[in-house]
Amino acid sequence: MTAHASSAIQTTLTPAILPAARLTLVRRVLLLACFVALAFPGLAKAGEQTLTFHSYEPITVGPYGVAQGAELTPSPPLDGYVVGISATVTDTNGVEEPISHIMLHHVVFSKIGTPDYTCKTFTDYDGNTIPAFAQRFFGEGEERTTIAFPAGYGYPNRGADRWGLVYMLMNHRNTTESVYVQYTVRYVTGETLTPVKPIWLDVHNCESDPIFSVPGDKPMFSTYSQHADYTLPEGGRLVAGGGHLHGGGLKLVLTDQTCGGRKLVESDPTWGLPVIKPVLHENGPKHMSTFSTADGIPVAAGDTLRLTATYDDSLPHVRVMGIMVVFLAPQAEAPCQAVPALPPDPDSHPGAPPRVPLPLYVQPAGPAKNVLSTWMADFTYGAPRVSIKRGTTFSWRFAGPSRHDVTLANGPVGFASPSRSHGSFRFRFTHPGVYKLFCSLHPTEMTEIVTVR
């Protein structure tokens, strides 16, 4: 998942559904659907099949680069149910890429033309409100979440349905790489399962760049939280789900505020990914705890669910997220029933997040300028070194043509701008010190140092 992650499927796929582009892409989808039908003849039989797909074309990632994109992508060609899904990155020969080469920062899968459960409209990168046209049903990041539904449940899919993919990949080597996003779908045909609906919950939901930053200027063991509420239009049982946090994350908790804030689900990070050099961003967890239970967690129509993401606040953590996807089997439920004990996740081993300093790989040159604003464009800051007084509000103007952002690598207080190609961003520097900044999309090309005296 996500740095523009989850809700970006709504906005970055917009060009793909414009008439000219849509015709080309739909032709691709239809041709590949014919191929898949021939390649997986077992789909004609009732029962569960394991299908492996990958993105249509290889994705090119430049040296120490970040590749972001969105596209239509293959999906099962017959009516059935998804009962499990996972994703990875492979080279063009189908060999899985190690995280030290290409890191899967996040992927999000959506069903095009199906309404999203929690967002009717989205805010794009330019601040415009656009209608939602895709239902987010699966995502994963460095934690490599695998969703598996309990026996008898499935996410319904028609052979005519079309899937969309949003990806963000990071290249940790000084060579250009070509890779595929590969995903494995466990798929049931010829049977009737209890259908589930994906409820995508995000503390910054319905935004093209749903990030926030943790200031990180508090004592050791301090925490920082953000939350968002969503009112359920229908009742039912939550039968599966999992969460997504970034570096510095402590926990994701889903509560039912209608029932006194009772806890429904907690998703905890397990740490232990190797520190990959060059360090282009703060490592995320290697696992987030998931749940899958046929008993389900009862929720009632009208209940207000609250998702709370909690992070360490003793160090800055920037461009972080708090996302949880849970799957609802709709049915009438009485309010505020007891929450059953969930089966333990055997791969979950929660602990304290590592402290990972992020260096600047390009040191800005030249004398420090006493200015109150600057611009940024492909691929530089107008004022690479800046000196200002404490309390100054500094502004950056995005001059494109590519999207860029202003992100703290290290310094007294964490902050980051949205990624955008035009417009502006302002930040008030209330803490003295040296702020080392970079563009998270071009981490080895665009850097800036702001000294606050």
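A pocket, on a 1 Å grid over the protein atoms alone, is an open set of points with protein on both sides within 12 Å along at least five of seven lines. Lining residues have an atom within 4 Å of a point. A volume is the space filled by probe spheres set on the points, and grid points are joined across faces, edges and corners.

Now our protein. This is a predicted model, where local features need pLDDT of at least 70 and side-chain atom pairs count only at pLDDT 80 or more, while totals for chains, interfaces and linings use all residues. Residues are numbered from 1 along each chain as its sequence is written, and side-chain values use heavy atoms, with hydrogens and water left out.

The overall picture comes next. There are 2 helices and 33 strands. Helices (H or I, at least four residues) and strands (E, at least two) are DSSP runs, numbered from the N terminus. The radius of gyration, taken over C-alpha atoms, is 22 Å, close to the 22 Å of the globule rule for 453 residues, so the protein is as compact as a globular protein of that length. That rule is 2.2 Å times the number of residues to the power 0.38. Of the 453 residues, 57% are buried, meaning under 20% relative accessible area with a 1.4 Å probe, protein chains only.

Back to the pocket. The second largest one holds about 260 Å³ of space. Its lining has 19 residues, and V265, E266, S289, F291 and L342 are the closest to its centre. Three elements give two or more residues each: β17 (236-245), β19 (262-267) and β22 (290-299). Which element gives the most to this lining? It is β19, with 5 residues. By type, the lining has 9 nonpolar, 6 polar and 4 charged residues. Here Ala, Val, Leu, Ile, Met, Phe, Trp, Tyr, Cys and Pro count as nonpolar, Asp, Glu, Lys and Arg as charged, and the others, Gly among them, as polar.

Let's follow β19 to its partner. β19 pairs with β18 in the antiparallel sense, over 5 bridges. Two strands pair if DSSP finds at least two bridges between them. D256 stands opposite R262 in β19. The two strands form a hairpin with 5 residues between them, and G260 in the turn has a positive phi of about 75 degrees.

Is β18 mostly covered or uncovered? Mostly covered: in β18 (residues 249-256), 6 of the 8 residues are buried. β18 also pairs antiparallel with β23 (residues 304-312), over 7 bridges. There, the bridge partner of D256 is L305.

Technical notes: 1 Å grid on protein atoms, 1.4 Å probe; cavity = no way out; pocket = protein on both sides within 12 Å on 5 of 7 lines; lining within 4 Å. Buried < 20%, exposed > 50% of the residue type's maximum accessible area, 1.4 Å probe, protein only.
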